[in-house]
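Visitor: Can you walk me through this one? Start wherever you like.
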Amino acid sequence: MLKAVRGTRDLLPPETGLWNFVEAKVREVMRAYNFQEIRTPIFESTELFARGVGEDTDIVSKEMYTWEDRGRAESDKRQSLTLRPENTAGVVRAYIEHKLWDRGLNKLYYIGPQFRRERPQKGRYRQFYQIGAEVIGPSTAGSESPARDAEILEMLATLLDRLGIKNWNLQLNSVGCPADRARFNAALKEALAPVAASMCEDCQRRAVTNPLRVFDCKVSEDQPIIEKLPRISQFLDEGCRKHFEEVQAILTSVGVPFTLNDRLVRGLDYYTRTAFEFTHGALGAQNAILGGGRYDGLSEALGGPAAPGIGFAIGEDRLVMTLAESSPVVAQKPDIYIAPLGAGMNREAARLARALRNENLVIELGDESFRLTKSFDAATKLGARYVTFVGEDEIRTGMFKLKNQETGEQVSVPRGDILKTVRRTKPPNET
Ligand code: HAM
């Protein structure tokens, strides 16, 4: 049997209804904050991620799906391409390519699949979905202001609240500017030199290549050592400290709770200043429901003009997972199952179905070859609320029987009253 590839999965109804519900809410909230959608390609040049996300990160060094592509002829020039492991680099590439700075501050969001070759487990897939947003523009447009950071975080709190997700925890840190990080890195290297040998293999490597990544370590024996290491908070310069304080002051003013966590360094190299994650207890080991931060130097690293920015990406798989635990999915069900009765009735039933669908009812259509019991079985299996029949009698008299499948009650109504009889408000998360 052919199966979905390891780490990928099919999203099936009724669960897809929950995905649609989440995405509809996201679009609603994004609109209120004046974000607009951007769609970038799912594959890009490998160089984009190497330069954007960083050669030393786990994502770029181990997790990308990369291949050599060429034109149709064997002789065509080859190019290294990669399935996007994240979408921030692609958005900033598009910002540069289309000179979006002409529009001032850009507030963009995206919803789509990302690809990372990670070890699959609960909440971790090789194809997963992100809902992300980026605010980027020249600093004269206000892109560097701590007000942007606070607005993004407040929007996320609003979104999670509106989705009915409770008990989230906002972990907040500032990773400073490149100069702060250089001093921090030097201090870390020095602190790690005498102890690295007693740490896990990954940390021994990190201590030399990218000491910041030691904070990603999950090995429990290493934690006491990591606890004693210097923290980025001790290395922030005046500007970064003030910026961070202002972000916190605005969050406090709008009533968004947060926890300061100066171990939070994030797994991508482009971050500067504000960095954050929202975690949720129900998720287990993969407890980050979303992550993000500021990337003031990314545009320049990709060959563009200075364009400070900040953004986030929600792991949609994880978001849906937390939702599914609190609110059971409501499957889509037909309002009416129309059973054509006898030869020639498919065409009459199709006319009735068309009219009712134009009124936004959910209609399922049987077939004139079905016996009555088969029609009822089909209607029951689908969970149809009503069954109606289209036969010679109905066409002649214009009266239609409507059987309520829940109560068993049957009424006879003129064709024009079907809609009125069946209409009702649908539950908000029904698909
Ligand atoms: P990230 O922390 O790598 O950040 O990913 C964001 C979120 O995507 C994670 O918190 C997690 O919920 C979800 N995620 C990551 N990997 C997987 C996976 N293998 N399976 C399921 N979910 C996963 C970024 O990607 C940045 N681009 C976020 C950002 C936007 N920063 C600034 N702007």
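Guide: Start at the ligand. A polar side-chain atom of Tyr-271 sits 2.6 Å from a nitrogen atom of the ligand. A polar contact here is a pair of N or O atoms within 3.5 Å; within protein, one must be able to donate a hydrogen and the other to accept it, and residues adjacent in sequence count only if both atoms are side-chain atoms.

Visitor: How much of the ligand does the protein bury?
Guide: The protein buries 96% of the 660 Å² that the ligand exposes when taken alone. Accessible areas come from the Shrake-Rupley method with a 1.4 Å probe; for residues, only the protein chains shown count as cover.

Visitor: What should I know about the model and its numbering?
Guide: It is a predicted model: local features need pLDDT of at least 70, side-chain atom pairs count only at pLDDT 80 or more, and totals for chains, interfaces and linings use all residues. Residues are numbered from 1 along each chain as its sequence is written, and side-chain values use heavy atoms, with hydrogens and water left out.

Visitor: Back to the ligand. What is 2.9 Å from the side chain of Arg-116?
Guide: An oxygen atom of the ligand, paired with an N or O atom of the Arg-116 side chain. Arg-266 also has a side-chain N or O atom 2.9 Å from a ligand oxygen.

Visitor: Which residues come nearest?
Guide: Glu-86, Glu-118, Tyr-125, Tyr-271 and Ala-288, out of 26 around the ligand. Being near means having a heavy atom within 4 Å.

Visitor: Which strand gives the largest share of the shell?
Guide: β10, with six residues. β6 (127–136), β10 (288–294) and β11 (309–315) each supply at least two. Strands (E, at least two residues) and helices (H or I, at least four) are DSSP runs, numbered from the N terminus.

Visitor: Zooming out, how many helices and strands?
Guide: The protein chain has 15 helices and 16 strands. Its radius of gyration is 28 Å, well over the 22 Å that the globule rule gives for 431 residues, so the chain is more spread out than a compact globule. That radius is taken over C-alpha atoms, and the rule is 2.2 Å times the number of residues to the power 0.38.

Visitor: Any odd backbone spots?
Guide: Pro-13 and Pro-14 are joined by a cis peptide bond, with omega about 5 degrees. Pro-14 lies in the segment before α1 (15–32). Asn-167 is not a glycine, yet has a positive phi of about 60 degrees.

Visitor: Where is Asn-167?
Guide: In the loop between α5 (146–162) and β7 (168–174). Asn-167 counts as exposed, at 69% relative accessibility. Exposed means over 50% relative accessible area, buried under 20%, partly exposed in between (1.4 Å probe, protein chains only).
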